[in-house]
Amino acid sequence: MAMVASPGKRIRNRLAIAAVLVVTLIFLAPIYWIGSTAFKPRDQATSVPPTVFFTPETTAFVKLFTKRVQLRQPVEPETYAAAPWWEQRIFDGGERVLRVKGEVQLSAYPSRFMNSLIVAITSTVLAVGMGTLTAYGFSRFRVPAENDWLFFILSTRMLPPVVVAIPMFLMYRAIGLTDSHLGLIILYTAFNLSFSVWLMKGFMDEIPKEYEEAALVDGYTRMQAFWKIVLPEAVTGIAATAVFCFIIAWNEYAFALIMTNRRAQTAPPFIPAQVGSGLTDWTTIAAGTFLFLLPVAIFTFALRHHLLRGVTFGAIRK
Amino acid sequence: MLARLDTRSRAAAQGWSDLAIRNAFIIPTIAFLIIFNVFPLIYSLGYSFTDFRASVSEPARFVGLRNYRELLSDPNVWRNFTVTAKYVIVSVTGQVVVGFGLAMLLNRTFPMKGFVTTLLLLPMMMSMAVVGLFWKLLYDPSWGPINYALGLGSFDWLSNPNHALYAVAITDIWMWAPFVMLLSLAGLSAVPQHLYEAAAIDRASGWYSFTRITLPLVAPILLIAIIFRTMEAFKTFDLAYIMSGQPTTETISIRLYKMAFQEWQTGRSSALAYIVLIVVVAITNIYVKYLNKVKER
């Protein structure tokens, strides 16, 4: 029975949608502020009243990637004219790019960003690879005390990072894994493994058993059926799980703060550490944050149909 | 025909038994988790009965239950637990109110609904540490856009010990209300429309159909959101640590971090870690129980 919407109901509907749009704008405001600060001239980043409209510039990004020193005296006009556009932006700010033997010196940011990429990608591959196999095992075979094992696996995900970090730090120190990529990769793999098992189990349970049974009748071994029939069916699930694991590892802060300080430090502990005492250049920090948040924002849209499943460990599906 | 038979028998001969596949697929994961999660915890259980300090080379001395006894009678530790409890209550309540409210508003069809919903979910996908840092800028008393937009003058959000906890909780609500919204939305969309139609025919008030139809049907999934957020808020570290150095925002995880990695009281912090762990395992147990209940429906 279709209800004919009364005028009152229609107005309420419109009001609700208007409210949704207002709330959405409020929710996005902090993210807009990060993004816009990255493109603001430095003096407009912390101006009173706050600057909303401005001419965007890329100076902050140039600063983000380079090591700079204060100019003692104004730069010669010829040098200024001969410099590439990005170096002119630095001169404009009263600084010059630090060069050693003519080579532009990079700031710490690119290496921290690379560390984040290395650690997040490697731990994701390991966690999703092992998680997919384990999920298949739990989904298709009789496992003694199955629910207890699954609870055990999930409970490792719930451990507070600081609690795990205390003994891990001592162990890593003993075997020389502090401040190393491998050390973080192991921690993130363990952290994501339980998540990936639970999520993948949900996806595996959805693949009809009949597919494999048909393959077995056709003379495939169980292993061939898994590789050639089940895995291709599970590709969407594997991709969604991988993106989730990547985001979790990418965002992780506590382990990285405790276990790394220079060589293997990732972006999350690095970015806040730049805020020192005195004058903080928020535009440069915002530029670094902007590049750091960008992949996550893109992935969120790519994942939009799997978000519910992801945040509930595969328990609730749409 | 012969060739096909041949491959079949060879495949069968090479094929693993189901039992072998099961073990090969499951055991590495379990072993990995035992080595890198259970084993370290056993290790730190041992340390929790000693006065070990990782910063000095003196060997650990066994002190029995002294760490536990002293921690549980330390008013500062109880203050940390009180701060954590307050934080959990404020931020989870806020998340449920805002998140469920948003879900009620979103539970209708309109153009670009999927896009708007995804935009709303962006905060929860982002790094708490990095985004929390920028909330410090937003909250700045002299030039922060929040005070300007709300006309609060130079209202002190983070450096006033009485406000700091609420300021951090507001950021947490901003990040995680979308989580509650996402789960509530799933619950709301599963409520059969004909129940509302029947209620309308009976001229039931909007409040009546909300409390008698909507709430009971959404309750189980809402409860999952609440338990999960409670657990996460209880463990909270990143946001409060980045945003504020106030003693009024020193949650138990922050205390644990400072005790272990700034004061280097390794033995005592291992004991505190175990106290925290017991609470977390208890909440996890409740969570999984409800998760399985909802799954079965």
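With 15 C-beta neighbours inside 10 Å, A:Asp179 falls into the partly exposed class. This residue of the predicted model sits in the loop that links α8 (161-175) to α9 (181-206) of chain A. Although A:Asp179 is not a glycine, its phi is positive, at about 55 degrees. A second non-glycine residue with a positive phi is A:Lys101, where the angle is about 50 degrees. Its setting is the loop between β3 (99-100) and β4 (103-104) of chain A. A:Lys101 counts as exposed because it has 4 C-beta neighbours inside 10 Å, and a residue is called exposed when that number is 12 or fewer.

Another backbone feature worth a look is the peptide bond from A:Val48 to A:Pro49, which is cis, with omega near -10 degrees. A:Pro49 belongs to the loop between α2 (42-45) and α3 (59-65) of chain A.

Turning to the chain as a whole, chain A contains 16 helices and 4 strands. The domain assignment divides chain A into domain 1 (7-45), domain 2 (67-104) and domain 3 (109-273). On that assignment, A:Lys101 lies within the range of domain 2 (67-104), and the centres of domain 1 and domain 2 of chain A, taken over C-alpha atoms, are separated by 39 Å. The C-alpha trace of chain A spans about 80 × 70 × 40 Å along its principal axes. Its radius of gyration is 26 Å, whereas a compact globule of 318 residues would have a value near 20 Å. Of the 318 residues in chain A, 44% are buried. Contacts in chain A often bridge long stretches of sequence: among those between residues at least 6 apart, 76% join residues at least 24 apart.

Helix α1 (residues 7-38) of chain A deserves a paragraph of its own. Its 32 residues reach 46 Å from the first C-alpha to the last, close to the 46 Å expected at 1.5 Å a residue. The helix nevertheless carries a kink of about 40 degrees at A:Ala29, shortly before the proline A:Pro30. That proline is one of the buried residues of α1(A), together with A:Phe27, A:Trp33, A:Ile34, A:Thr37 and A:Ala38.

The two chains meet through 80 residues of chain B in contact with 80 residues of chain A. On the side of chain B that touches chain A, the largest share comes from helix α2 (residues 18-47) of chain B, which supplies 16 residues. By class, this side of chain B has 59 nonpolar, 13 polar and 8 charged residues.

Helix α2(B) can be examined in the manner used for α1(A). At 1.5 Å a residue, its 30 residues should span 44 Å, and the end C-alpha atoms are 42 Å apart, so the span agrees with expectation. A bend of about 40 degrees lies at B:Ile34. The buried residues of α2(B) include B:Ile21, B:Phe25, B:Ile26, B:Leu33 and B:Leu41. Also buried in this helix are B:Arg22, B:Thr29, B:Asn37, B:Pro40, B:Ser44 and B:Tyr47.

Conventions:
Residues are numbered from 1 along each chain as its sequence is written. Chains are lettered from A and ligands numbered from 1 in the order in which they are written. This is a predicted model: local features need pLDDT of at least 70, side-chain atom pairs count only at pLDDT 80 or more; totals for chains, interfaces and linings use all residues. Domain bounds come from an automatic or database domain assignment. Two residues are in contact if their C-beta atoms, placed from the backbone, lie within 7 Å. Helices (H or I, at least four residues) and strands (E, at least two) are DSSP runs, numbered from the N terminus. Ala, Val, Leu, Ile, Met, Phe, Trp, Tyr, Cys and Pro count as nonpolar, Asp, Glu, Lys and Arg as charged, and the others, Gly among them, as polar. The radius of gyration is taken over C-alpha atoms; the globule rule is 2.2 Å times the number of residues to the power 0.38. A residue is buried if 20 or more other C-beta atoms lie within 10 Å of its own, exposed if 12 or fewer, and partly exposed in between; C-beta atoms are placed from the backbone. The expected span of a helix is 1.5 Å times one less than its number of residues. The bend at a residue is the angle between axes fitted to the seven residues ending there and the seven starting there.
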